[in-house]
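User: I've got a model open and want to go through the labels people put on it. Let's take them one by one, with the cut-offs.

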Amino acid sequence: MMKLRDSLSKKLTVMNMVVSGVALLLASVSFFAYDLITFRENLINNLSVQAQIIGSNAVSPLMFNDPQSAENTLAALHASPHIVYASIYTPSRDFFAGYPPAQTPSAFPLADFTFNQGERHWFENGQFALIQTISFQGKNVGIVYIRSDLGALYSRLKSYAIILFSILAASLIAALALSRLLQRVVSKPILNLADTAGLVSRNKDYSVRARSTGDHDEVALMVEAFNGMLLEIQKRDSALQESERQFRTLADSIPQMAWMGGPDGNLTWYNQRWYEYTGTSPEQMAGWGWQSVHDPKTLPAVLEKWRGALATGAPFEMIFPLRGADGAFREFLTRAVPVRDAGDAIVLWFGTNTDITEQRRSEEALRQTEKLAATGRLAASIAHEINNPLEAVTNLVYLARRQPSNVGRYLTMADQELDRIAQITKNTLGFYRDSVSATEVDISQVLAEVISLYERKLHFKRINLRSDYGTGIKITGFPGEIRQIFANLIANAIDALPVQGCLTIRASQACARDGVDRPGVRIAFMDNGSGVAPENRTKIFQPFFTTKKDVGTGLGLWLTLGLITKHRGSLRLRSSVAPGRTWTAFFVFLPQEPPSN
Amino acid sequence: MSLVCLSGRAYFGRRTQALRWLAVFLAACAAASLNLAPVAAAQKSEPKEYEVKAVYLYNFGRFVQWPDRATKDDTFAVCVLGSDPFGAILDATVANETIDNRKLVARRVAKPGDAAGCRILFISSSETRRIEAILAALQNSSVLTVSDMPGFITYGGMIQFVLAENKVRFQVNLAATDKAGLTFSSQLLKVATYIKRESPAGNVNP
């Protein structure tokens, strides 16, 4: 504070000194310059007068050719110490007499001088030189030449310099004293204000107020504005604190873990839930300390993705396990979004970790439930499928018993029916023999098997099935899951189709259309059933959404989509509900390469 | 006029030479637009004694004040009494010159009585024997008397030419001028080699 006080008053003093010094200097210099010019003119005038006196005294010596007399006249110049040289020339520019006396005659100094010029003067080797015509009664009788040193000018300059410096020194001392006295009027209120401002910024205490000066000048306005600003800051500060408190309360009360970090990825804040779950301390979590609660197996992938998000500013979303205080890992869905300022620069990252272990478990339970339901439905379907050949076998056995002559033929036929039953049983088993690892799957064959399971239903509804799935289209995957995908889509189509409806199933080699060239197989299931209303086209993939209130669980398509995603494939839906032209098409793409575990 | 003729005849040999010099002198005068060229020219080619004297004679007129009773002619006459040593030089010197707006003329007079209308009277050394009578005759007139005869100022003459170091100089008799009512400029006295005054204490040599 002392430094500031010093510098402000110093500034004012220096300003005063500079202003008065410059003004004084300008005034003095111009005054002296004017005086010097006048003095120079006076000097020339004096010299001219001297020349005239010499000239008029030299008239008779010139006219009566008496150089001695002229020199006697010139000798009087001894009284003028600044006259260093003088000489008289005849009208024909011949040397006549000179001063100082007894010198060798010198040549006429100004060749181009003519009598009608009367007088001329110039500077020569630091001396004033003047030349003047001597005229007498209208006649030019000679020329006088006179030189004066600048001693007078120099002594004048010297005395001016002394005067100037004395005046400057005296004035500056006076200005110094005056400015010391007067600056208090100006600087005191400003310094008070600065003190207050320093107090505020040091203590972060926005309740203090600057003292009013009682004047109505700009400083008073500044004090008023400053106090107004303080009041506003105080209000905003408390509002901010309140908001901060609310945010902390909210952040600490949500079930998720939440955190914040700078644009560089250094995390600076975690909510209470984080510390409770991980059992860590803020010191352990500082910066990149969060890595300690990660599973070392997933950490590299997390770090890579997090660094990528920091670099691009794209939102971060990932599922990874975090170790709890009990040492057990739980699955968390982690989301982080960048918060940007007005200039679109990232100021902080805000992230949450949501425990999805329970969700995962319920999803798993749901899947099992749907599997059981599907099994039930399948069992009914199988019962129907098996019932027919069994009835046939029963009939054939009855016929064989009644007509022993034809036993061989009937037994052969019964054998065929039993083969069919064996085939159905075998196909059914495929649903339950889930391979641990991906194996080669013949899509054509799986389709044929699944369609055979629904043959009776198709026949019962007299559905016109057109299928073209070729032979030997193979991918790598889990056969049971692929079977279930197809079964679900075909069952849905059959449910949607009216009696004598039309179902087209087509499979072909294809490439994915998502930018990356991935070879695979595209299977289309098209029906001219009731169609899917536009508002339902996304909902049908959500669990528990169904339009078949009595028979559906609402899990079929959700499960199907899950299985396709697991195979890194895609499912597209196109549909029309235009009256008279309703139809639905599901396009399944399954890539050739093995799905990751 | 007969005197002039006589003197002309006496100086016949020198006259042609003088005329030639005069031509040069006049040309120099015109070139320098200057009337006092003789002084200047004197240093280049030494002018003859009477050429200098003629110029001096005319110059005296500029440093002397005549009393009001002096003739109020339109002309300023420079006269020569006795045998004329100047010849045409004097006429050439005063030609086209004025003093106090009076035109200068050169005149030859035969006797002192004729000199009453003259401002300056040069008394030739041929009149040495009659000098006292001449001066006595001019006593009441305001004529500046000049001569180069020895002892002129002791006879009561006003300005006497002398030769000093081969230069033409002059002496002044203030007693005579005072009597005649003529006033000499101090400038003139300054260059005089000798000034005769009434009191012996007044003798000043500048």
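User: Leaving aside its neighbours within four places in sequence, which residues is L144(B) in contact with?

Analyst: Quick ground rules before the list. This is a predicted model, where local features need pLDDT of at least 70 and side-chain atom pairs count only at pLDDT 80 or more, while totals for chains, interfaces and linings use all residues. Residues are numbered from 1 along each chain as its sequence is written, chains are lettered from A and ligands numbered from 1 in the order in which they are written, and side-chain values use heavy atoms, with hydrogens and water left out.

Now L144(B): with those neighbours set aside, its partners are F60(B), V64(B), W66(B), R119(B), I120(B), L121(B), M158(B), I159(B), L182(B) and F184(B). "Contact" here is heavy atoms within 4.5 Å.

User: What makes the largest nonpolar core a core, and which residues have the most contacts inside it?

Analyst: The label needs buried Ala, Val, Leu, Ile, Met, Phe, Trp, Tyr and Cys residues joined through side-chain atoms within 4.5 Å. The largest such set has 73 residues, and I88(A), L57(B), F60(B), L144(B) and F170(B) have the most contacts inside it. Helix α1 of chain A, residues 2-63, is the top contributor, giving 12 residues. Helices, by the way, are DSSP runs (H or I, at least four residues), as are strands (E, at least two), numbered from the N terminus. Another core lies apart from this one, with 44 residues, including L503(A), I564(A), L571(A) and F586(A).

User: How do you know whether N65(A) is buried or exposed?

Analyst: By relative accessible area: under 20% is buried, over 50% is exposed, and in between is partly exposed (1.4 Å probe, protein chains only). N65(A) comes out at 15%, so it counts as buried. N65(A) sits in the loop between α1 and α2 (67-75) of chain A.

User: And L157(A), why does that get the label "partly exposed"?

Analyst: Its relative accessible area is 36%, so L157(A) falls into the in-between class. L157(A) belongs to helix α3 of chain A. In space, its C-alpha is 7.9 Å from that of L36(A), although the two are 121 residues apart in sequence.

User: Where does N101(B) end up, buried or exposed?

Analyst: At 76%, N101(B) is over the upper cut-off and therefore exposed. N101(B) is in the loop between β3 (98-99) and β4 (102-109) of chain B.

User: What about phi of N65(A) and N101(B)?

Analyst: Most residues other than glycine have a negative phi, and most peptide bonds are trans. Phi of N65(A) is positive, near 50°, and N101(B) has a positive phi of about 60°; neither residue is a glycine. R568(A), just after α13(A), also has a positive phi, about 60°. On the peptide-bond side, the link from Y99(A) to P100(A) is cis, with omega near 0°. P100(A) is in the loop between β2 (95-99) and β3 (119-124) of chain A.

User: Why are α3(A) and α4(A) called roughly parallel?

Analyst: Helix α3 (residues 151-203) and helix α4 (residues 218-253) of chain A pack at about 15°, with axes 10 Å apart. The axes are lines fitted to C-alpha atoms over the stretch in contact, and angles run from 0 to 180 degrees between N-to-C directions. Angles under 35 degrees count as roughly parallel, over 145 as roughly antiparallel, 65 to 115 as roughly perpendicular and the rest as oblique. So the pair is roughly parallel.

User: What makes the contact of α3(A) with α4(A) nonpolar, polar or charged by residue?

Analyst: On the α3(A) side are P189(A), I190(A), L193(A), T196(A), A197(A) and V200(A), meeting V219(A), M222(A), V223(A), F226(A) and L230(A) of α4(A). That divides into 10 nonpolar, one polar and no charged. The classes: Ala, Val, Leu, Ile, Met, Phe, Trp, Tyr, Cys and Pro are nonpolar, Asp, Glu, Lys and Arg are charged, and the others, Gly among them, are polar.

User: And how do α12(A) and α13(A) meet?

Analyst: Helix α12 (residues 479-496) and helix α13 (residues 556-566) of chain A have axes that come within 9 Å and cross at roughly 145°. Their contact has six nonpolar, five polar and two charged residues. Among the buried residues of α13(A) are W558(A), L563(A) and I564(A).
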